[in-house]
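Please read the points below with the structure open beside you, and look up each residue as it is named.

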2 protein chains.
Amino acid sequence: MKITDRKTEIINVAAKLFKEKGYSAVTMRDIAQAMDIKAASLYNHIKSKQEILVLIIIEIAEEFTSVIDEILASDETTIQKIERVIQLHIDITLRNSEALACLNNDWMHLTDDDLIYFIKMREDYEESFRKIIKSGIANGEIKNLNIEVIIFSTLSTLRTLYIWYGKKKTIKPEILKANMIQVLLNGIV
Amino acid sequence: MKITDRKTEIINVAAKLFKEKGYSAVTMRDIAQAMDIKAASLYNHIKSKQEILVLIIIEIAEEFTSVIDEILASDETTIQKIERVIQLHIDITLRNSEALACLNNDWMHLTDDDLIYFIKMREDYEESFRKIIKSGIANGEIKNLNIEVIIFSTLSTLRTLYIWYGKKKTIKPEILKANMIQVLLNGIV
């Protein structure tokens, strides 16, 4: 997707409003007001609230998809691959936690093909992560534990990172990354 | 809180509806309809949707609070204590995932003293868990990693268990527990 500067601004303002008030409660008028422009000007750039939602969510979902595909295809060790997945979630959390909140809270407001496309990307992401873990179990890098428990434990933490890290900005990103890798890979005991 | 059988039935039906449609969208009429009784009879037992929400959320929050207080006060090892916290979350997930969904999705609809009481219990719960981890770090049972990262990683997984386990009922509770303890305490590598 090619996005103009003005569109990027609209997306950022809208994502913030969606997070604060919930997608359903926000109107195009609210978005225009927050940008200090007329609602009519807003419609010059974007045709609906739905279009904004699609731009926010699909862009992030495509980034997750393309990076994990690249990680999966690489010839790194499983541990290196998982470290890169952790890095990916931290990077996007630091860069765009509002869009992540929108993806997690509001994806169900997507419609038709966008909804199907999003769900497909989400399932493919989990499947790519499953393949990484599976090959790690097969080559002995990862313990032979229930694979679904491993996937759930890891992804539940990474996917909710944006909620928690928003309140804990005192932890530096590099400290966060190093500790997250330790806790998720090697445990706390 | 002392709850009659009829109240328990109302609570269970309501929790299910709240999960399906969202708290705001459910009416007292919907609850009466789902129970196949007249709305007027419903009001003989319960005075408002708000009262139902309080009964659902506060009961579960009080259970979490009293069990973790008991765990914290016990003279078990830190590892045994964490295992019991994991067990607590699995037990409540198996027994009452609808109420957990309600607690997680709808707590912000509590009002006044109920909201204050709930937030206090939630903070106290985290604080008790923090004390368990802290004393484990102090006595060398737990690795000296960033304590906030440990707390977030563990609780984010345990608190979202009900979402995931609802879809993965094929994993037996004892397998779930054993694997969860392994993954959260000893890691996957």
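The numbered points go from the pairing of the chains to single residues.

1. A word of care comes before anything else: this is a predicted model. Every value in this note was computed from that model, and the points should be read with this in mind.

2. In general, two copies of a chain are related by a rotation about an axis and a shift along it. Here chain B is superposed on chain A by a rotation of 180 degrees with 0.0 Å of shift along the axis, and the RMSD is 0.0 Å. The two copies are therefore related as by a two-fold rotation axis. To find that axis in the picture, start from B:G187, whose C-alpha, at 1.9 Å, comes closest to the axis of the residues of chain B.

3. The contact draws 33 residues from chain B and 33 residues from chain A, and 100% of the interface residues of chain B are interface residues in chain A as well, so the copies meet through the same surface. Between them the chains bury about 3,100 Å², of which 68% is on carbon and sulfur atoms. Three residues, B:F152, B:I188 and B:V189, supply 25% of the area that chain B buries against chain A, more than any other three residues.

4. What kinds of polar link join the chains? The count of salt bridges between chain B and chain A is 0, whereas 17 residue pairs are found in polar contact across the interface. On the side of chain B that touches chain A, the elements giving two or more residues are helix 5, helix 6, helix 7 and helix 8, and helix 7 gives the most, with 10 residues. By class, that side has 19 nonpolar, 9 polar and 5 charged residues.

5. A:N179, in helix 8 of chain A, is a useful residue to examine at this interface, where it touches B:L145, B:N146 and B:V149. Is A:N179 buried or exposed? Its relative accessibility is 10%, under the 20% cut-off, so A:N179 counts as buried. Its side chain reaches the backbone oxygen of A:I175 at 2.9 Å, and a polar atom of that side chain lies 2.7 Å from the backbone nitrogen of B:N146.

6. Most residues other than glycine have a negative phi, and two residues of chain B deserve a second look on that account. B:D36, in the loop between helix 2 and helix 3, has a positive phi of about 60 degrees, and B:D112, in helix 6, has a positive phi of about 45 degrees. B:D36 counts as exposed at 71% relative accessibility, and B:D112 counts as exposed at 61%.

Key: Residues are numbered from 1 along each chain as its sequence is written. Chains are lettered from A and ligands numbered from 1 in the order in which they are written. This is a predicted model: local features need pLDDT of at least 70, side-chain atom pairs count only at pLDDT 80 or more; totals for chains, interfaces and linings use all residues. Side-chain values use heavy atoms; hydrogens and water are left out. Copies are superposed by least squares on the C-alpha atoms of residues with pLDDT of at least 70 in both. Contact means heavy atoms within 4.5 Å. Helices (H or I, at least four residues) and strands (E, at least two) are DSSP runs, numbered from the N terminus. Buried means under 20% relative accessible area, exposed over 50%, partly exposed in between (1.4 Å probe, protein chains only). A polar contact is a pair of N or O atoms within 3.5 Å; within protein, one must be able to donate a hydrogen and the other to accept it, and residues adjacent in sequence count only if both atoms are side-chain atoms. Buried area is the accessible area (1.4 Å probe) that two parts lose on being put together, summed over both. A salt bridge is a side-chain nitrogen of Lys or Arg within 4 Å of a carboxyl oxygen of Asp or Glu. Ala, Val, Leu, Ile, Met, Phe, Trp, Tyr, Cys and Pro count as nonpolar, Asp, Glu, Lys and Arg as charged, and the others, Gly among them, as polar. Lists of a residue's contacts leave out its neighbours within four places in sequence.
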